[in-house]
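Me: Could you take a close look at one part of this structure with me? I would like a connected account that starts from a single side chain and works outward.

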Amino acid sequence: MPVDQGPRGGPSARRIWIVLLLALACAAVLLTALPDDREGGDACEARTVSSWTADDKVTGAFARYGDDTARADDWTGGDGTHSVRLPDGRLLWLFSDTFLGQVHAPPNPVGQPHTWRDTTAPMVRNSAVVMSRSGTLQRTLPAPLFPDPAPQQWRWPVAAKVEPRSPGSSEDVVRVLLWTRATGTGPWIYGVPLATEVATLSLPDLRVEGIVKVSDQQSVPDPDKRVLYGTTTVDDGDWTYVFGGNDGKAAARPASHAYVARVPKGRLAEPGAWRYWDGKDWTESGKPRHVLGDGERKGVGSAFTVVRVKGTYVLFTMAAGTEGLTDVTSYWACSPTGPWHGPAKGFAPPLPKDGSAQQDMAAYNPQAHPALSGNGQLLLSYDVNWLDAAPASAQANVSRNVSLYRPRFVSLRLATAR
């Protein structure tokens with residue numbers, strides 16, 4: 001059968017269709033090769049906090065547990081609040097500096113109506129508290145859970161997640177990221193950063209099986225340029241993204257820099273599996289490049305948190321400047337490496353009512369708790385402390401009113417930014 005020719009002897013209709021089909025096929029290949037910012041079909045969109053409310057339920061659970069005067073060896077206050085859901089439904093809460101010992105009913109020694117502790121009450125560098133599936137705090141694990149690596153050094157636990165003991169294993173364990181620090185002076189009153197480690201806890205008994213070092217920073221001469229990873233983790237596809245920062249001087253300079261590494265899911269405890277973003281690619285070694293922070297208006301505090309909401313990464317941190325003592329702000333991005341957009345307008349979560357000037361208190365370390373979030377709401381904790389350059393004076397103030405050094409919680413609703 002003859003084939004119709006195009007005008008003036010041009011290509012046939014069949015050839016035109018072949019060319020069009022080839023072009024469409026090439027376009028499809030190109031589209032599938034582009035980065036996909038969607039999760040479950042949801043595109044990346046600018047997101048910010050649309051509303052928030054104080055969450056009295058979880059805040060009250062820690063207040064009741066810490067105020068129980070019947071116990072003498074349990075948690076009564078702490079900061080550095082992180083949580084992870086265990087396979088049996090329990091929730092493991094991890095804390096950095098922690099007060100143990102017994103608390104006393106009010107009034108305190110100066111006649112104020114506060115539950116209080118002796119200034120000689122023991123303080124440890126880390127602790128862990130187990131919550132039942134129903135939301136009741138049950139017990140404090142023997143503390144400190146993670147022993148000091150050497151004299152004048154300690155470990156602060158940060159993010160944690162459940163993963164297979166080894167890739168493909170049917171047995172789960174808990175991996176806990178740790179910051180190792182050493183006693184310092186001057187701007188390093190909260191410790192000189194040394195290394196990032198990963199601890200393995202057995203299940204269901206939560207016994208520390210071992211600790212491995214994944215990023216040793218002691219060879220970096222300037223402590224201000226040392227990066228500790230693990231303030232937060234986010235799973236995306238086959239990867240676990242681990243965020244961190246150069247947080248040594250964050251108390252003096254609230255706008256520090258954020259960094260990110262990635263690890264194949266299930267391999268957090270393998271130092272050789274970690275890759276670090278250098279500004280262009282993921283590298284095993286070399287100089288990491290920050291993904292957020294200009295040292296002034298934009299940046300993160302010493303600890304921050306990141307969640308993935310549909311196709312968007314959302315980062316929460318204390319605001320830069322003087323507002324960093326009271327206000328939580330946020331950034332958003334379509335990729336863990338950025339670009340990060342923000343900061344958004346912040347909000348000031350409530351501080352305890354102490355009868356003292358509110359400027360003597362500070363909020364810090366916002367952390368998301370996905371295991372207790374849902375129905376369009378995100379649970380965020382923040383820690384509260386007393387502002388004082390003298391550690392002994394600060395400790396005395398948080399001991400006369402034990403509610404000053406405990407996590408508090410807010411429930412957030414996120415919306416597409418307009």
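Which backbone oxygen does the side chain of Thr-59 reach, and at what distance?

Reply: Happy to. Please keep in mind that this is a predicted model. The side chain of Thr-59 reaches the backbone oxygen of Asp-55, at 2.9 Å. Thr-59 belongs to helix α2, which covers residues 56-66. With a relative accessibility of 16%, Thr-59 falls under the 20% cut-off and so counts as buried. Asp-55 also has a polar contact of its own at the start of α2: one of its side-chain oxygens comes to within 3.2 Å of the backbone nitrogen of Lys-57. Asp-55 therefore takes part through its backbone oxygen with Thr-59 and through a side-chain oxygen with Lys-57.

Looking beyond the neighbours within four places in sequence, Thr-59 is in contact with Pro-407, Arg-408 and Phe-409. Strand β25 spans residues 408-416 and is among the elements that cover the buried residues of α2. That cover also includes β4 (91-95), β6 (103-104), β9 (127-131), β10 (137-140) and β24 (377-386). The buried residues of the helix are Val-58, Thr-59, Gly-60, Ala-61, Phe-62, Tyr-65 and Gly-66.

Two of those residues lead us to an enclosed space. Tyr-65 and Gly-66 help to line the largest cavity, together with Asp-68, Arg-71, Ala-72, Asp-73, Asp-74, Trp-75, Thr-76, Gly-101, Gln-102 and Val-103. This cavity has a volume of about 40 Å³, and the count of cavities of 30 Å³ or more comes to one. Its lining is evenly divided, with four nonpolar, four polar and four charged residues.

The strands β24 and β25 take us from the helix to an open space. Besides covering buried residues of α2, each of them supplies at least two residues to the lining of the second largest pocket, as do β3 (82-85), β11 (153-164), β15 (228-236), β20 (305-309) and β23. The largest share comes from β11, which gives six residues. The pocket holds about 800 Å³ of space and has 35 lining residues, with Thr-233, Val-307, His-369, Pro-370 and Ala-371 nearest its centre. By type, the lining comprises 15 nonpolar, twelve polar and eight charged residues.

One of the strands just named, β15, is also the place of Tyr-229. This tyrosine has a relative accessibility of 2% and so counts as buried. Its C-alpha lies 8.2 Å from that of Ser-215, and the two residues are 14 apart in sequence.

Strand β23 brings us to a covalent link. A search of the whole structure finds one disulfide, formed by Cys-44 and Cys-334 with their sulfur atoms 2.0 Å apart. The pair joins distant parts of the chain, 290 residues apart: Cys-44 sits in the loop between α1 (13-33) and β1 (47-54), while Cys-334 sits in the loop between β22 (328-333) and β23 (361-368). The torsion about their S-S bond is about -85°, so the disulfide is left-handed. Its two ends differ in exposure: Cys-44 counts as buried at 17% relative accessibility, whereas Cys-334 is partly exposed at 25%.

How values were computed:
Residues are numbered from 1 along each chain as its sequence is written. This is a predicted model: local features need pLDDT of at least 70, side-chain atom pairs count only at pLDDT 80 or more; totals for chains, interfaces and linings use all residues. Side-chain values use heavy atoms; hydrogens and water are left out. Buried means under 20% relative accessible area, exposed over 50%, partly exposed in between (1.4 Å probe, protein chains only). Helices (H or I, at least four residues) and strands (E, at least two) are DSSP runs, numbered from the N terminus. Contact means heavy atoms within 4.5 Å. A polar contact is a pair of N or O atoms within 3.5 Å; within protein, one must be able to donate a hydrogen and the other to accept it, and residues adjacent in sequence count only if both atoms are side-chain atoms. A disulfide is a pair of cysteine sulfur atoms within 2.5 Å. On a 1 Å grid over the protein atoms alone, a cavity is a set of points where a 1.4 Å probe fits but cannot get out, and a pocket is an open set with protein on both sides within 12 Å along at least five of seven lines; lining residues have an atom within 4 Å of a point. Grid points are joined across faces, edges and corners, and a volume is the space filled by probe spheres set on the points. Ala, Val, Leu, Ile, Met, Phe, Trp, Tyr, Cys and Pro count as nonpolar, Asp, Glu, Lys and Arg as charged, and the others, Gly among them, as polar.
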